[in-house]
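Start with a single side chain and work outward from there. Keep the structure open as you read.

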Amino acid sequence: MSEALLEVNNLITEFDTDEGVVRAVDNISFAATAGETLGIVGESGCGKSVTALSIMRLLPQPMGKIVGGEILFKGQNLADLSLPQMEKIRGNNISMVFQEPMTALNPVHTIGRQLTEVLLLHKDITAQQAIQQGVKILDRVGIPSPDIRMTEYPHQLSGGMRQRVVIAIALACNPDLLIADEPTTALDVTIQAQILELIKELQKDLGMSVILITHDLGVIAETCDKVVVMYAGKVAERASVHELFDSPAHPYTQGLLASIPRMDTTPKSRLSIIEGMVPGLLDLPEGCRFENRCPHKRALCEDAPPAIDEVSPGHEVSCYRWQEI
Amino acid sequence: MSKVLLEVQDLKMHFPVKEGILLRTSKYNKAVDGISLEIAPGETLGLVGESGCGKSTLGRCIARLYKPTSGSIKFEGEEISLLGANALSAYRRHIQMIFQDPMESLNSRHTVAEIIEEPLIVQNMGDTAWRAKRVKELLDIVGLPARSVSRYPFEFSGGQRQRIGIARSIALNPKLIICDEPVSALDVSIQSQILNLLVDLQKEFNLSYLFIAHDLAVVKHISDRIAIMYLGKIVETGDSQTIYRNAQHPYTQSLISAIPMPDPHRKVTRQLIIGDVPSPIAPPPGCNFHPRCPRAIERCSVDVPQLSASKADSTGLVSCHLVD
Ligand SMILES: Nc1ncnc2c1ncn2[C@@H]1O[C@H](COP(=O)(O)OP(=O)(O)OP(=O)(O)O)[C@@H](O)[C@H]1O
Ligand SMILES: Nc1ncnc2c1ncn2[C@@H]1O[C@H](COP(=O)(O)OP(=O)(O)OP(=O)(O)O)[C@@H](O)[C@H]1O
Ligand SMILES: [Mg+2]
Ligand SMILES: [Mg+2]
């Protein structure tokens with residue numbers, strides 16, 4: 001097995017809020033390998049973006065902090081780096097594509113300025129060369145009339161085009177690791193297919209590792225090698241993509257797979273749902289975090305959180321009853 | 001006519017493109033370029049298409065957040081495309097919008113209670129106590145805890161924020177909701193709850209939806225009819241089941257082939273549409289899709305195809321020279 005490019009071990013991230021300390025990410029571990037795509041799925045609010053922001057060291061300040069664990073990138077613990085050291089890595093070795101493209105783009109600067117900025121920061125090139133490369137990258141991600149778009153502002157583009165600009169900026173310096181947080185959520189499927197294809201291609205060309213955060217199990221099935229299922233700040237299940245879809249072990253994963261509208265579902269019929277709501281981070285249960293929604297709950301599930309259990313090599317689950325259900 | 005709630009005729013929204021040092025308008029972005037459609041009470045029309053093709057702009061014209069350049073929008077028989085601000089306010093009650101990007105649509109300085117209560121205040125509904133009760137009821141419907149009321153949008157995740165937007169949009173019991181990518185930011189277990197909720201609300205109140213989304217499995221699930229849009233125009237429309245089984249337009253076909261399926265064993269053999277999305281500022285001559293169409297013939301680059309009866313579907317229309 002090839003060595004992990006990124007290894008997240010027992011990461012804990014917290015926020016200071018008016019209502020108290022919120023532990024958004026609680027003791028999670030996973031690894032990303034060069035040339036592979038790792039998918040992260042889970043309920044909204046379960047901590048996927050906070051995980052990504054922790055790795056990038058882009059947590060909102062001063063509220064957010066990493067309070068435990070390590071983030072090993074090529075053996076170096078990113079959690080310990082100074083901000084200037086981290087700035088050298090960010091955008092150059094590790095890039096991120098955000099969920100809401102508008103928050104990633106500066107509304108008062110042109111596309112061209114934002115794209116050339118990252119190139120000039122990390123590469124030894126002239127402004128003129130940066131503009132030329134910028135146009136090329138925009139063209140590569142499929143933006144029409146790239147030279148004109150360079151002079152435009154984010155609000156002049158549709159949602160889909162904005163996201164392609166964000167991807168262009170992220171890929172500008174050929175990073176080792178690309179963290180894509182819902183990169184195709186705002187895009188229609190033909191463009192999604194192109195973007196995912198583009199990421200796959202670049203991954204092959206550059207041996208890039210990709211962490212893909214998505215709620216679309218179709219996208220996971222088609223693009224990921226390994227999958228981490230998160231629930232309320234914890235890892236529920238980790239498996240290869242085939243294992244996960246063929247024999248999901250966690251009741252939450254099973255519920256997710258059952259609730260997708262498929263092409264052969266009767267229109268407007270009742271979709272299967274997972275009852276209830278994710279517990280708030282300020283009133284988490286003592287035991288398993290899925291306990292209040294779980295159809296297989298027993299008394300022991302309420303007492304203490306289940307540990308991670310091995311189902312088979314490379315397939316792990318955090319559930320007391322996975323063998324019985 | 002009582003069978004039609006909304007009737008749109010030859011609607012155009014051309015944004016002026018300002019250029020040069022004098023910022024003269026010499027060109028137009030034809031974001032919506034001659035669209036006609038109808039929605040019946042209780043019906044869902046799904047709207048899909050390439051990003052930037054004008055879906056949100058069309059939705060915003062119908063919700064009269066934009067004043068269209070030309071064309072007609074009739075709501076319950078009344079022409080609303082030309083109404084001024086005062087006359088519009090009565091109409092706003094009946095037609096609401098759920099937006100694509102929840103962060104853009106929610107005022108981040110307001111609490112959740114203020115955000116959801118605002119349309120009730122604007123429409124002078126109830127007293128303070130009644131509105132507070134209604135806000136809690138709406139939060140419950142969309143699956144947020146009652147104590148969210150005093151929190152701010154930034155304290156929620158993307159999916160939770162979208163639920164705040166939905167609570168706000170159903171506050172006034174509207175007749176038509178323009179749903180602009182309402183579930184794209186939600187994970188699937190919540191997506192199915194929201195879709196069930198939208199279907200329930202539709203049955204209970206005979207609501208109509210214009211449902212814009214990129215997830216075709218979702219659109220197929222919720223829609224009675226579907227319209228496929230490309231570069232400001234509708235290229236195919238018809239019964240949603242028939243379109244998925246038997247798409248006529250080459251663009252519709254490639255759209256359907258691009259759907260990611262939740263099955264890792266499936267061998268993906270899809271025809272990616274290559275090439276650039278043409279700019280709506282300078283659309284190509286002939287058929288808008290011809291530069292990317294795998295089957296284009298010479299005529300496609302010359303003549304603009306018109307929507308005409310589809311062979312596959314008696315109520316369907318398709319705009320392609322190749323299907324005659
Ligand atoms: N700045 C903040 N202050 C307080 N809490 C926060 C902050 N940012 C995030 N959180 C909390 O951390 C938790 C995890 O949020 P995160 O954005 O990582 O969710 P997510 O898994 O990315 O969800 P989604 O799929 O909706 O994007 C949420 O419960 C959220 O309310
Ligand atoms: N307020 C505006 N001013 C000028 N141009 C605009 C404005 N809003 C949209 N446009 C342009 O109109 C075209 C259609 O944009 P629109 O947002 O309607 O697309 P869309 O189909 O909703 O795309 P997406 O799927 O990416 O959301 C784009 O070229 C866009 O740049
Ligand atoms: Mg997120
Ligand atoms: Mg849109």
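K268(A) is buried, with a relative accessible area of 17%. The cut-off for buried is under 20%, so K268(A) qualifies. Remember that this is a predicted model.

Where does K268(A) sit in its chain? Look in the loop between α11 (251–258) and β11 (309–312) of chain A. Now see what surrounds this lysine. K268(A) touches G42(B), T44(B), V199(B), Q202(B), K203(B), H221(B), I222(B) and D224(B), leaving aside residues up to four places away in sequence. One of these neighbours deserves a second look. The side chains of K268(A) and D224(B) are joined by a polar contact of 2.8 Å.

That takes us to the interface. Chain B brings 71 residues to the contact, and chain A brings 59 residues. The size of an interface is often given as the accessible area lost when the parts come together. Here, about 5,200 Å² is buried between chain B and chain A. Carbon and sulfur atoms give 54% of that area.

What about charged partners? There are 6 salt bridges across the interface of chain B and chain A. A salt bridge joins the side chains of R270(A) and D200(B), at 2.5 Å from N to O. Polar contacts can be counted too. Between chain B and chain A there are 12 residue pairs in polar contact, with both residues at pLDDT 80 or more.

Which elements of chain B give two or more residues to the side that touches chain A? They are β3 (44–49), α3 (102–105), α6 (158–170), α7 (188–205), α8 (216–222), α9 (240–245) and α10 (250–257) of chain B. The most comes from α7(B), with 12 residues. Sort the residues on this side of chain B by type, and you get 28 nonpolar, 24 polar and 19 charged.

Go back to the loop between α11 and β11 of chain A, because V278(A) has its place there too. How well covered is V278(A)? Its relative accessibility is 23%, so V278(A) counts as partly exposed. V278(A) touches E43(A), Y231(A), A232(A) and R293(A), again not counting residues up to four places away in sequence. Take the pair V278(A) and E43(A). They are 235 residues apart along the chain, yet their C-alpha atoms are separated by 7.8 Å.

Next comes a helix. Helix α1 (residues 48–56) of chain A is mostly covered, with 8 of its 9 residues buried. The buried residues of α1(A) are K48(A), V50(A), T51(A), A52(A), L53(A), S54(A), I55(A) and M56(A). An α-helix has 3.6 residues a turn, so residues three or four places apart point the same way. Just after α1(A), R57(A) takes a positive phi of about 60°.

Finish with the cysteines. A disulfide is a covalent bond between the sulfur atoms of two cysteines. How many disulfides are there over all chains? The count comes to 0. Why does C46(A) form no bond? The closest cysteine sulfur, in C288(A), is 14 Å from the sulfur of C46(A), so the two are too far for a bond. C46(A) is also buried, with a relative accessible area of 0%. Now try C294(A). Its sulfur is 6.3 Å from the closest cysteine sulfur, in C319(A). That is also too far for a bond, because a disulfide needs sulfur atoms within 2.5 Å. C294(A) is buried as well, with a relative accessible area of 18%.

Conventions. Residues numbered from 1 in each chain as written. Chains lettered and ligands numbered in written order. Predicted model: local features only at pLDDT ≥ 70, side-chain atom pairs only at ≥ 80, totals over all residues. Heavy atoms only, no water. Contact = heavy atoms within 4.5 Å. Buried area = accessible area lost by both parts, 1.4 Å probe. Salt bridge = Lys/Arg side-chain N within 4 Å of Asp/Glu carboxyl O. Polar contact = N/O pair within 3.5 Å; in protein donor to acceptor, adjacent residues only side chain to side chain. Helix = DSSP H or I, 4+ residues; strand = E, 2+ residues; numbered from the N terminus. Nonpolar A, V, L, I, M, F, W, Y, C, P; charged D, E, K, R; others polar. Buried < 20%, exposed > 50% of the residue type's maximum accessible area, 1.4 Å probe, protein only.
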